[in-house]
Structures are given as structure tokens and as C-alpha cells.
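Thanks for coming. I have one protein model to walk through this morning, for those who have not seen it before.

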Amino acid sequence: MSDKLNHHLTVEPYPYQREGILQGLEWKRLFIGDEPGLGKTLQSIGIVDTANAYPCLVICPSSLKINWQREWEKFTDKKALVLDNGNRTTWSYLLQMKMYHTAIVNYESLRKYFVWDIQGGKKSFSLKDVVFCPQIKMFKSIIIDESHRVKDVSAQQTIFTKGIASGKEYIILLSGTPVVNRPEDLITQLSIMERLNEFGGKQAFLAQFAEGENLCNLSEQLYERCMIRREKAKVLTQLPDKTRIDLYVTISNREEYECAVNDLALYLKEYKGCTDWEVRKKMRMKALVQFMNLRSLAAKGKVKQAIDFVNVFLESGKKLILFCSYHEIVDELKKAFPKAVSVTGRDSPQMKQFAVDEFQQNPEVQLIICSIKAAGVGLTLTASSNVAFIEFPWTYADCCQCEDRAHRIGQKDNVTCYYLIGLHTIDNALYRLIHKKKSIANQIMAADDDIPTDELYFNELANSLFDNGNLQD
């Protein structure tokens, strides 16, 4: 690999980013799995622009389309087009005429813009049933952001992504968490970048790695062939470590919560004693709904304490990033803090970008209320070095993604992450489980943590209830 990079970017990449671009130019089909905040976007743009691999297609989450467009036009002299209804019939012409060089589309719109037909009109279909529009052949490169979203081989978005990516000279997958829970999360991603055969194909991959064995060997093969991954501590020494603080708070709806716990306990005892597989499967799904109800009740019960915490914190004059999920909770928080801005699933991309810009640039805006799904990836919120969670995601990887909205390039302070945990609630079991589930991804990515058994959330939560008599320890 040459150590000289002749790029045309408008910024000078960090040394490790130059290394990533050079490696990408050599490999052409690769993962960029750097930890969040290390500039995966810049490196992928640098690869495409240096190789002049235009037109390029970027597939990304809906909330990041505008961010991608802004980044592309910030780092290069090329124009990027966000696909929408206004250019639905003209986007290919605009690219062919070189009025734009990059097209940006969200996962949910792949069918809308690139699929002509599903043969036989099947609801469940495979790649061979999909008739793509011929214009996809014009793309010389494709960037798939948050590529762990296409880990499910049977999902429509995975099928469409694989078909669109087929035969492209440059295929770049970006994800700080390409392995969410299990090694097989990599199978479709490797297939999309046309490298699965280098691992012996699907069946050989499963035989070698699915049971959590040979993970060090898998890691070595990935790094040798197609993966770039750097940890902050090793490449950005000026970026300080995060500090996590667990704040246990009392819930205001204890009686309602206790009734729900007792109902679930009785139901799970019936489930445990059931031997009929079909009945057990249906009971399991209903139990999962009840678990979600407990999670919702715990979250709602924390709102009063959370508002108090935020009020006290904001008195310090520091800015705060606040994460939650349920719309009802967002509404209560916005009512309590009318000057706050928000990034939620109900906000348009323009509203989300405005909220981010206000929080980043306006000293009067101290609080941003974020939905875990809508704001957990891609956004830069370095105006604050403090993150708080009223609710938290299901996986450790998602927790890190949310925390890293603040803990990324441009952050000069230690980032403190506050987790508000409902005292004697399901929060405790969920929080313990999140930290246990970080293991397998860490070993495959060659991190330092040990790997415990990868147990299903349902079984873990059910065992917590039976072993401890409740979900409150």
C-alpha cells in the first residue's frame, strides 16, 4: 500500500484517515468500522473522490440524508442530490449530465427509486424476483451507511441493497457496530461487498464462527482482507475517555408498575410450564409485549425525577443531550423545557438539522431532546460533553452510538454519560443485560473485553423474574 495520498478534499485528513483512504483505494470493497466519531464519512468520501468513482450512491438512514449531502459538498467540489419526489423521474438524467455526482437515498426508499417490479407480485421474494431499473448500472461506487441495518438476509432492504451494489467497483460499508450481537451479522454484509466467498461461503462461515468459536481467527481474516477499524484511544489521544454514572431514581407510578410485574410473573409461570410448542411460541410473543409494557411504565415513572435532574443540571450553565424513546415522554419533556430543541421520528430532516445547528451554535439553547432511534447515529452534538438517558436502547452498541453523539472529533472535554435507572424496576435487568451483550462484537472487532454467553433477551429477563422473584433487583 502506497503511503502517499494525492487527494482533492477540501480538508486535510488526520494521518489515520489518510491510511483508511489509501487502504480503501487498494481494497475497493471494504468495511470502515472505526468507532463513532473518527470520521468514517470523510474516509468513504475520500476514497470515492480520489478514485473519481462517480456517480456514487449513498444509502443511509433517513435522518442522515441531509448530513451526507452537507458533508459531501463540504469536503469536495462535487454536488450531492438527495432523492425525493421532486426528482423521482429526473435523478438519473441529472447524474448523467454531471449536474450532480452523488445520489443519496434512505433505506426505506430503495424500492421507490430503483425497483421496477417484483415478479409474480410476491410479498415474500428473493433477489432473482426483483427487476431493477437499468439506471442503477451507472453507479461506479456505493456507500452503505450503518450497514448493520442490512444484516437480515430476508429483509427487503437487504435484498434491494445487495442487488443495487452488485458489480460495483467500489463498495464501502460503514458501521461502528457491524456486529450487533452475533458473528452471523456479518454474512449479508460480506455478501453485499462480494467477499463472502473468501470466507468459504455462508455455510462454511456458519460452521466456523456461528457458535462463538474461532472468533480471533475471524477477526484476523477481516483485518487482512476487508476491514478497517480504529479505536479512539489508539488514534485520537486528545479525545478523552467517557465516564458513565448510574443514577437510580424512584418512579412515580409504583402501584401501577407493581400490578404489571405481578401479572407478568403469573403469565411467565404458565409459559414455563407449557410444553405445547405452538402455544408456547404465542405465549412468548405476548410475554414480550408485557416486558415492553413494563419498560414503558418504568420510563414514564422516571419523568418527574428526570425533569428535576435536568433542571438542576442546567443550572450549571452546561449543555445537555437527553435521550428517550416514547413520544409521550418527549412531549412531557418539551412541555417542561419549552426552549429545548428536539430530534425525533416526528421531525422532518430539515427540522432535525435545524435543531442540531441551534444546539451546536446557539449558546441560548442548552437542551436537546433526542429519540434513540432518530438521533442515535450520525449526528454531531459536540457542543455538549454531557449525555443523559431517561430510557436506554436494547444493546450496548446502541448505547455507545448515542453516547458518541458528543464523544467524537471536536470534543475537547471528558464526556459524562448519566443513566437514569428506575429503582426496583426492569431497568436493572435491562441495564445488566446490555453490558453483558457487548461481548461478542468486541472480540470480533479485536477489542479487549471477554465474551460471556450470548443469551436471548427474553430468556434473560424471564430468568431474572424467576430467579429473583421479581424484576426489581
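I will start with the whole chain, then go through a sheet, some helices, two glutamines and a strand near the end of the list.

First, a caution: this is a predicted model, so everything I say is computed from predicted coordinates.

The protein has 473 residues, and 56% of them are buried. It contains 19 helices and 15 strands. On contacts, take those with a sequence separation of 6 or more: 74% are between residues 24 or more positions apart. The accessible surface is about 21000 Å², and carbon and sulfur atoms account for 49% of that.

Now the sheet. Seven strands make an open sheet with parallel pairing, and the order across it is 3-4-2-7-8-1-9. Which strands stand at the edges? They are strand 3, residues 80–82, and strand 9, residues 227–228. Each has a single partner strand, so one side of each has no neighbour in the sheet. Further in, strand 2 pairs with strand 7 through four bridges, in the parallel sense. If you want a pair to look for on the screen, Cys-56 has Ser-141 in strand 7 as its bridge partner.

Next, helix 2, which covers residues 40–51. From first C-alpha to last, its twelve residues reach 17 Å, close to the 16 Å expected at 1.5 Å a residue. Is this helix enclosed or open? Ten of its twelve residues are buried, so the rest of the structure largely encloses helix 2. The buried ones run from Lys-40, Thr-41, Leu-42, Gln-43 and Ser-44 through Ile-45, Gly-46, Ile-47, Val-48 and Asp-49. What do these buried residues pack against? There are two helices, helix 1 (15–27) and helix 3 (65–75), together with strand 1 (29–32), strand 2 (56–60), strand 7 (141–145) and strand 8 (170–174). Those four strands are among the members of the sheet I just described. Just after the helix, Asn-52 takes a positive phi of about 55°.

One residue of this helix is worth a stop. Gln-43 is found in helix 2, and its relative accessible area is 0%, so Gln-43 counts as buried. Leaving out neighbours within four places in sequence, Gln-43 is in contact with Tyr-16, Gln-17, Gly-20, Ile-21, Ile-32, Asp-34, Leu-38 and Arg-230.

For contrast, here is another glutamine. Gln-156 lies in helix 6, residues 156–165. Gln-156 has a relative accessibility of 35%, so it counts as partly exposed. Not counting residues up to four places away in sequence, Gln-156 touches Arg-111, Lys-123 and Phe-125. Arg-111 is 45 residues from Gln-156 in sequence, and their C-alpha atoms are 8.7 Å apart.

While we are at helix 6, consider how it packs. Helix 6 and helix 7, residues 185–192, have axes 9 Å apart and an angle of about 30° between them. That angle makes helix 6 roughly parallel to helix 7. On the helix 6 side, Thr-158, Thr-161, Lys-162 and Ala-165 meet Thr-188, Ser-191 and Ile-192 of helix 7.

A second helix pair: helix 8, residues 201–209, packs on helix 9, residues 215–225, at an angle of about 135°, with axes 9 Å apart. Helix 8 is therefore oblique to helix 9. Phe-205, Gln-208 and Phe-209 of helix 8 make the contact with Leu-215, Asn-217, Leu-218 and Gln-221 of helix 9.

Last, strand 15, residues 415–422, where eight of eight residues are buried. In a regular strand, side chains alternate between the two faces of the sheet. Here Val-415, Cys-417, Tyr-419 and Ile-421 point one way, while Thr-416, Tyr-418, Leu-420 and Gly-422 point the other way, and all are buried.

Which strands are joined to strand 15? One is strand 10, residues 242–249, which runs parallel to strand 15 and is joined to it by eight bridges. Within that pairing, Lys-242 has Val-415 as its bridge partner. Another is strand 14, residues 386–389, also parallel, with four bridges to strand 15. There, Val-387 stands opposite Cys-417.

That is the tour.

Terms used:
Residues numbered from 1 in each chain as written. Predicted model: local features only at pLDDT ≥ 70, side-chain atom pairs only at ≥ 80, totals over all residues. Heavy atoms only, no water. Buried < 20%, exposed > 50% of the residue type's maximum accessible area, 1.4 Å probe, protein only. Pairing = 2+ DSSP bridges. Expected span 1.5 Å × (residues − 1). Contact = heavy atoms within 4.5 Å. Areas by Shrake-Rupley, 256 points an atom, 1.4 Å probe, with all protein chains shown as cover. Axes fitted to C-alpha atoms, helices over the stretch in contact; angles between N-to-C directions. Parallel < 35°, antiparallel > 145°, perpendicular 65-115°, else oblique.
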